[in-house]
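This report offers a guided reading of a molecular structure for a first-year student. Please keep the sequence and the three-dimensional view at hand while reading.

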Amino acid sequence: MTHAQTRFTSRPEWVGLGVMVVLAVGVVSLGAGWVTGITRIIALAVMLVSVVGLVWTAFVGGLETRRALAPYGLLKPGILWLSLFFLAPLWSMLQMSLSSKKSRFDFSPSFTWEFGNYATALTDFGPQFSRSFGYAAIATILTLLIGYPLAYVIAFRGGKYRTILLGLVAVPFFTSYLIRTLAWQNLLADSGPVVSLLNTLRLEGVLEFLHIMDNGRLVNTPAAVIGGLTYNFLPFMILPLYVSLEKIDIRLVDAAMDLYTTASGAFRRVVLPLSLPGVFAGSLLVFIPAAGDFVNAQFLGSPSTTMVGNSIQNQFLRELNYPLASAMSFVLMTVITASVLVYAKFMGTDDLV
Amino acid sequence: MSSAMGTRQKVGRRLINSAAVLGLVYLFAPIAVIVLFSFNRPKGKFNIVWQGFTLDNWAHPFSEPEFTDALLVSLRVAGLATICATILGTLIALALSRYRFKGSGAVNLFLVLPLTSPEIVLGSSLATLFLARGVERGFLTVVIAHIMFQVSFVAVTLRARIRGFDWTLEQAAMDLGATPQRAFWKVTFPLILPGILAAALLSFALSIDDFIITFFNAGSLVTFPLQVFGASRVAIPPQLNVLASMLLFGSIAIMVGGLIIESRKQRLAHGKKLARR
């Protein structure tokens, strides 16, 4: 064996990892259009050479080498798919967000470091951004308040009905998201059951005062949009809460009670801290999709309750203003990522999964 | 004193229980509306006000061709995307749970990213890529988009399911003379198959119900959610509620069936263990 051969075959994991990274970068650069003309051919050649090198390493190396290469082989198809259709699009979007249109009817904008799109996104659509994050935050808190008792009861008092109760929580997933939201339109409509119930209970005055109702209407109010978000993402809160509550050893609570704490003390000092991973995962699973949603605002809201999702959708698919839509998407993603990181720090979890 | 605490505790228990019941009622209120209004006899174009009971809609569930066609499109998209995503996702989950290797942390992080990005970002960025590369949007781009978010989903859920898998079983099979391939297909695969099927089923449901990502990448293709969205401004026939109820009951039946099979298997295994004793 030559010197090079021994070096490669004695570090097969580096070959596997290296080839995977080379292929991923190659796929992204081809997909996102970093390379054109002659550089594209070079990129393809580099990818081909690395694959040949990988096959050669596997061929000359023994069973051990092939075993070390196996995980990278299993990962490659999926990772390359995600590189091409998740990473490359993000790059395209970043590039588009810095492009400019020559005229209103220019539908293939060119890259010009146009930071004006971001300025427009933040000034013209400031209210939409703040509504998105505000509504999503309130909906997250509401799902926590509604979901915690439910998850708690299923985990600690469900007994043999646990599986059935958990199945019931998952049932809303089996009806279409849009149809569920349309059903809320039915429920909250002016002639619907909720409004007439509130009227019989003479609660409309209180609700008007709390700005939940507006001129005797529930639909087209911010409360309706937040209610829709809360409803649609509630199962995403309950399931992780249940998972973390179910793991708690109930004897810990007994131990705390034996040490003369009250039931609420045991909850605050034992159960709640141990369920925080579930609270963390659940609030991410609710907040992220809620902040980007536009269906609830579309079906249950009015023009004065539009969220940033509505604006992105409108700019992209109706106005065909791709640069502005991309800038808004990018701001949305950046703010969400930043708040997730801050939240992770605050909750003291490094474990995002 | 202790009895006062006892009543306080009892009241607290009741309160939490009733909060849980109210939570369940909240979860089911719109679903009850969907099923109930599938029996409505609406006047006009919108199925919003209760007018009277009828079985007509259930007798002719497919009488609205736009909705039926859209549902068939959705089933085709979901079927194709789920098969591809399940294969890709299962390979990733196997790599992550079976091997220790350099870069597994980065791969884990990379897998979660699509799940923690808002759908509108995934959808609009993918559409930007297709625009920039001049790819016409339609059936294929929707399938590509669905595979993208399903791969992550399948990989992450399946990895969680097979976390505690005993890989020495495979080693045992090989010690008994099985080739690695035979050991995998005869020992490992049957054991992880239920997990794969569960992940595939859930990702199928995600695909059928996906609206936001599909909306950006569909071009002129109309899937079921897109049809519902378009119709919501024009006319909503009660057949929509019938189709939704059928999907609902069908999925519940699949879920209950799966649970029954699993519990029977467990009971069988338990019985065998007892018999051996």
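The following sections discuss domains, a helix, the contact between chains, a nonpolar core and several individual residues.

The structure is a predicted model.

## Domains of chain A

The domain assignment divides chain A into domain 1 (3-97) and domain 2 (119-347). The centres of domain 1 of chain A and domain 2 of chain A, taken over C-alpha atoms, are separated by 41 Å. In the contact between them, domain 1 of chain A supplies four residues and domain 2 of chain A supplies six residues. On the side of domain 1 of chain A that touches domain 2 of chain A, three residues are nonpolar, one is polar and none is charged.

## Helix H4 of chain A

Helix H4 of chain A covers residues 63-97, which makes 35 residues. What span should this helix have at 1.5 Å a residue? The expected value is 51 Å, and the end C-alpha atoms of helix H4 of chain A lie 49 Å apart, which agrees. A kink of about 45° is found in H4(A) at A:Lys76, shortly before the proline A:Pro77.

One of the residues in helix H4 of chain A is A:Ala68. Is A:Ala68 buried or exposed? A:Ala68 is buried, because 23 other C-beta atoms lie within 10 Å, and 20 or more are needed for that class. Not counting residues up to four places away in sequence, A:Ala68 touches A:Pro12, A:Glu13 and A:Gly16. A:Ala68 and A:Val15 are 53 residues apart in sequence, and their C-alpha atoms are 9.5 Å apart in space.

## The contact between the chains

Between the two chains, 72 residues of chain A are in contact with 72 residues of chain B. Which element gives the largest share of the side of chain A that touches chain B? H4(A) does, with 17 residues. By class, the side of chain A that touches chain B has 55 nonpolar, 15 polar and two charged residues.

## The largest nonpolar core

The largest nonpolar core has 151 residues. Those touching the most other members are A:Leu82, A:Ala151, A:Ala290, A:Met328, B:Ile92, B:Met148 and B:Val151. H4(A) provides the largest share of this core, 15 residues. Both domain 1 (3-97) and domain 2 (119-347) of chain A give residues to this core, so the core lies between them. In soluble globular proteins, nonpolar side chains tend to be buried together.

A:Ala151 serves as an example from the core. Leaving aside neighbours within four places in sequence, A:Ala151 is in contact with A:Ile238, A:Leu241, A:Tyr242 and A:Leu245.

## Residues in loops of chain A

Two residues of chain A have a positive phi although neither is a glycine: A:Tyr260, at about 65°, and A:Leu320, at about 55°. A:Tyr260 is found in the loop between helix H12 (250-258) and helix H13 (263-292) of chain A. The place of A:Leu320 is in the loop between helix H15 (308-318) and helix H16 (322-347) of chain A.

A further loop residue is A:Ile212, located between helix H10 (204-209) and helix H11 (222-246) of chain A. A:Ile212 touches A:Leu207, A:Thr221 and A:Ala223, when residues up to four places away in sequence are not counted. A:Ile212 and A:Leu166 are 46 residues apart in sequence, while their C-alpha atoms are 31 Å apart in space.

## Exposure of selected residues

The table below lists the surroundings of residues from loops and helices. A residue is exposed if 12 or fewer other C-beta atoms lie within 10 Å of its own, buried if there are 20 or more, and partly exposed in between.

| Residue | Other C-beta atoms within 10 Å | Class |
|---|---|---|
| A:Tyr260 | 7 C-beta atoms | exposed |
| B:Val256 | 12 C-beta atoms | exposed |
| A:Leu320 | 14 C-beta atoms | partly exposed |
| B:Arg98 | 17 C-beta atoms | partly exposed |
| A:Ile212 | 18 C-beta atoms | partly exposed |

The table includes two residues of chain B. B:Val256 lies in helix H11 (residues 238-276) of chain B. From B:Val256 to B:Gly44 there are 212 residues in sequence and 38 Å in space, C-alpha to C-alpha. B:Arg98 belongs to helix H3 (residues 65-98) of chain B. The C-alpha atoms of B:Arg98 and B:Gln150 are separated by 21 Å, and the two residues are 52 residues apart along the chain.

Methods:
Residues numbered from 1 in each chain as written. Chains lettered and ligands numbered in written order. Predicted model: local features only at pLDDT ≥ 70, side-chain atom pairs only at ≥ 80, totals over all residues. Domains from an automatic or database assignment. Contact = placed C-beta atoms within 7 Å. Nonpolar A, V, L, I, M, F, W, Y, C, P; charged D, E, K, R; others polar. Helix = DSSP H or I, 4+ residues; strand = E, 2+ residues; numbered from the N terminus. Expected span 1.5 Å × (residues − 1). Bend = angle between axes of the 7 residues up to and from the residue. Core = buried A, V, L, I, M, F, W, Y, C linked by C-beta atoms within 7 Å.
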